[in-house]
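The exercises below are meant to be worked with the sequence and the 3D view open side by side. Try each task before reading the solution that follows it.

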Amino acid sequence: MSSPFLIAKNDHTECLFLPQMGNRHGLITGATGTGKTVTLQALAEQFSRLGVPVFMSDIKGDLSGVSQPGGGNAKVEARLQQLGLEADYTAFPVTFWDVTGEQGHPVRATISDMGPLLLSRMLNLNEVQEGVLNLVFKIADEAGMLLLDLKDLRAMLQFVADNAKDFTTEYGNISAASVGAIQRGLLTLENQGGEALFGEPMLNIADLMQTDGGKGVINVLAADQLMQSPKAYATLLLWLLAELFENLPEAGDLDKPKLVFFFDEAHLLFDEAPKVLIDKVEQVVRLIRSKGVGVYFVTQNPADVPDSVLGQLGNRVQHALRAFTPKDQKAVRAAAETLRDNTNLDEAAAITELGVGEALVSLLDEKGRPGVVERALIVPPMGQIGPITAAQRQQLMQSSLVAGVYDKAVDRESAYEVLKARAEKLQSEQDAVEKAEAEAKTTAQAPASGGLGGVLGDLLGGAPTGGGRRREGVVEALAKSAARAVGSQVGRAIIRGVLGSLLGGRR
């Protein structure tokens, strides 16, 4: 059994975290500037020491310091002295990830793997448009066409729109307006840099669950640029959770988690989210703990998380909240009510009085019961607090366990290539038919060799010589005109009269 580790302390109590309860999930809340990010780093370091891999997103760009040993920070040293703890500065193994590939190894998902539900959330589609997107996925699946990147989805959307009448009987109406709305959503996503998110090689979840030198690797997702598209950020993290849920085997009760997943700015996941998506999140959070994964939501207020999800988050760290308005005061009271009451503490009052790095802490005991809340100081991280340099980051990327695995994109044959080849073949066949029709029309309009025109020309002494082009005389023109009229009785009578006159005249 893994030993408990200290995360907070006051004058009379140590708040010990039980690793076997790490997969029972948790919540870190508090207003901006109250110490949430430092608490997140401190917890990540403790899990890493136990050999537990960690995933966390770096919203502000300052979590990269976990890769370097701490020291030289006056505030950290003062806090250690205040808590009566010795410094144990150390660096932790880190793998950097970035959707754009600039600050870390690229993170990619395929369109098919993301699925219509999450993609609809990312594109902000309504119910009707989501239904059309579902049909597009189904048609592509039945046709055996892979949807790997955005150009595949665009090509498939165009194909379905162009052939909508063929799918109406089986799938129902596919409106051009809905297809257009999806296309516009894809364009917006592309303009926000979302195109880099889709493609291959797709992220292998196993690469998030590695150890190095006995310590769990801390996976840091650079999210400062990704946050420009909040729904893309939230959808990506939810996709990662869904991938873990679907790919990991059942693990039962473990002495420590297989992976701890920190979901920073968690409110973005739930803002204006449809009920079907919230139900999906609730299902994943409820069942993923049996796979050995702990999920920790980091946000400003517990009210940001729906009650159906909030009730499953057993380990709580509540930093300060500000109560300047009646609405804020109501939120403070609600936050206090989510913690197990301490008869010696007024939680609602304490939440507004907490200093930076101080929190109300309630952790699960060995039986999975919430512990009595304590007001305590968070133990500071032992890695560097703050960002590293660009040169340090590049060096760590070049020496990471996944160096060279994801850096080069692969574009294999998929829906775009198949539909493009099909269109080119169809166009080639159509061009051939049009060419054949044009040649047949030209042949039909030209005089037949050896016909009446030729005979008349020979009789009248106007035959061409050497295959060259001769000047057409009045007599030959008349003969050709007569040949075109040969199909009627009147024409034949005229020809006999003309021939008789001309031949008679020549004698």
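**Exercise 1. A strand and its partners**

In which sense do strand 10 and strand 11 pair, and over how many bridges?

Solution. Begin with the ground rules: this is a predicted model, in which local features need pLDDT of at least 70 and side-chain atom pairs count only at pLDDT 80 or more, while totals for chains, interfaces and linings use all residues. Residues are numbered from 1 along each chain as its sequence is written, and side-chain values use heavy atoms, with hydrogens and water left out.

Helices (H or I, at least four residues) and strands (E, at least two) are DSSP runs numbered from the N terminus, and two strands pair if DSSP finds at least two bridges between them. Strand 10 and strand 11 pair in the parallel sense over 6 bridges, and within this pairing Phe263 has Phe297 of strand 11 as its bridge partner. Turning to strand 4, one finds that it also pairs with strand 10 in the parallel sense, over 3 bridges, with Phe55 matched to Phe261 in strand 10.

**Exercise 2. The sheet and its covering**

Determine the order of the strands in the sheet, and decide whether strand 10 is buried or exposed.

Solution. The open sheet has 12 strands in the order 2-1-14-13-12-3-11-10-4-9-5-6, with mixed pairing. Strand 2 (14-17) and strand 6 (105-106) stand at the edges with a single partner strand each, so one side of each is left without a neighbour in the sheet. At the strand 6 edge, strand 5 (residues 94-98) pairs with strand 6 in the parallel sense over 2 bridges, and Trp97 stands opposite His105.

Next, consider what packs on the sheet: helix 8 (residues 230-247) touches strand 4, strand 9, strand 10 and strand 11, and its direction makes about 160 degrees with that of strand 10. Helix 1 (residues 36-49) lies across several strands, including strand 10, to which it runs at about 170 degrees. These angles run from 0 to 180 degrees between N-to-C directions, the axes being lines fitted to C-alpha atoms, for helices over the stretch in contact.

Finally, apply the burial cut-offs (buried under 20% relative accessible area, exposed over 50%, partly exposed in between, with a 1.4 Å probe and protein chains only). In strand 10, 6 of its 6 residues are buried: Leu259, Phe261 and Phe263 on one side, and Val260, Phe262 and Asp264 on the other.

**Exercise 3. Two residues with positive phi**

Compare the settings of His25 and Glu265.

Solution. His25, in the loop between strand 2 and strand 3, has a phi near 70 degrees, a positive value in a residue other than glycine. Its relative accessibility is 1%, so His25 counts as buried. Glu265, in the loop between strand 10 and helix 9 (267-270), has a positive phi of about 50 degrees, and because its relative accessibility is 23%, Glu265 counts as partly exposed.

**Exercise 4. How far to trust the coordinates**

Over which residues does pLDDT stay under 50?

Solution. Start from the overall confidence (pLDDT is the predictor's confidence in each residue, from 0 to 100): the mean for the protein is 87, and 88% of its residues reach 70 or more. Residues 465-507 stay under 50, and for them the model has 24 contacts beyond four places in sequence, where contact means heavy atoms within 4.5 Å. Where pLDDT is low, the predicted coordinates should not be read in detail.
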